[in-house]
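Please look over the sequence and the model shown below, and then read the report that follows, which goes from the whole chain to single residues.

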Amino acid sequence: MRKRTGVLIHSRHLQTLNWERIVWGVPPDLMGQLSKGVLVALKEDAEVIVLGCGLRSGFNGEMESEFNCQYLLDNFHKLSEFAEFRGIDLKEAQKKIERILALDVLSLSTIQEVALAGKAFENAGMEKVVSVTSRTHAPRCLNEALRFYSRPGSKISVGNVLVYSSD
């Protein structure tokens, strides 16, 4: 039986060198953490997606999650350029993603991102959590997730915590 799944897509400072390559990717085969996060959410039939947040690193004082959300919605049609999205009805996919998307506007660190999303997932009755981030950030995200979900009273088993990295 399928487990109710929440997906956390970690943020990236908006002034990071090669931000678009890291976060969006390079079609057709190199998916960034945002495009990969959408794919994972669709394949896992996620019920909640949290766009993580870090600092107000946007040019107009935007939170990373707010910028990433708008970037995703503005470019959703371009997901068709990635090989992994071929055969996926992007209009229907976008409707689903918009319906389940939640923005973290409070976190200032990976630890806070994991905890805020984790509480949201637990409160929503999720049984499985998937974090999506870059390859270099994946070990830290997994470590923080395992620490959070192994605390007393956690409603999600550490055995149901996964981390996927971008390409």
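For a chain of 167 residues, a compact globule would have a radius of gyration near 15 Å, and the protein in this predicted model agrees with that expectation because its own value is 15 Å. Along the principal axes, the C-alpha trace spans about 45 × 40 × 25 Å. Of the 167 residues, 49% are buried, while the protein exposes about 8300 Å², of which carbon and sulfur atoms supply 53%.

The protein has six helices and seven strands, and when these are read along the sequence they follow the pattern β-α-β-β-α-β-α-α-β-α-β-α-β. Among the contacts with a separation of 6 or more, 77% are between residues that are 24 or more positions apart.

Turning to the interior, the largest nonpolar core has 29 residues, and those with the most contacts inside it are Val-7, Leu-34, Ile-49, Phe-76, Leu-79 and Phe-85. The elements that contribute two or more residues to this core include the strands β1 (5-9), β4 (48-51) and β6 (128-133), together with the helices α1 (19-23), α2 (33-43), α3 (64-75) and α4 (90-100). With five residues, α2 gives the most to this core. If the neighbours within four places in sequence are left aside, Leu-34 is in contact with Ile-9, Val-23, Trp-24, Leu-51, Asn-68, Tyr-71 and Leu-72. Apart from this largest core lies another one, which has 14 residues, among them Val-114, Val-129, Ala-145 and Val-161.

On the surface, Leu-103, Val-105, Leu-106 and Leu-116 make a nonpolar patch of about 330 Å². Leu-116 lies in helix α5 (residues 110-123), and this residue is partly exposed because its relative accessible area is 31%, a value that falls between the 20% limit for buried and the 50% limit for exposed residues.

Some details of the backbone also deserve attention. Most residues other than glycine have a negative phi, and most peptide bonds are trans. Two residues with a positive phi are compared here.

| Residue | Phi | Loop | Relative accessibility |
|---|---|---|---|
| Asn-18 | near 65° | between β1 and α1 | 48%, partly exposed |
| Asp-45 | near 50° | between α2 and β4 | 33%, partly exposed |

Where, finally, is the place of Pro-28? Pro-28 is in the loop between β2 (25-26) and β3 (30-31), and the peptide bond that leads from Pro-27 to Pro-28 is cis, with omega near 10°.

How values were computed
Residues numbered from 1 in each chain as written. Predicted model: local features only at pLDDT ≥ 70, side-chain atom pairs only at ≥ 80, totals over all residues. Heavy atoms only, no water. Core = buried A, V, L, I, M, F, W, Y, C linked by side-chain atoms within 4.5 Å. Buried < 20%, exposed > 50% of the residue type's maximum accessible area, 1.4 Å probe, protein only. Helix = DSSP H or I, 4+ residues; strand = E, 2+ residues; numbered from the N terminus. Contact = heavy atoms within 4.5 Å. Patch = residues over 30% accessible without salt bridge, like charges linked within 9 Å, V, L, I, M, F, W, Y side chains within 5 Å. Areas by Shrake-Rupley, 256 points an atom, 1.4 Å probe, with all protein chains shown as cover. Salt bridge = Lys/Arg side-chain N within 4 Å of Asp/Glu carboxyl O. Rg over C-alpha atoms; globule rule 2.2 N^0.38 Å.
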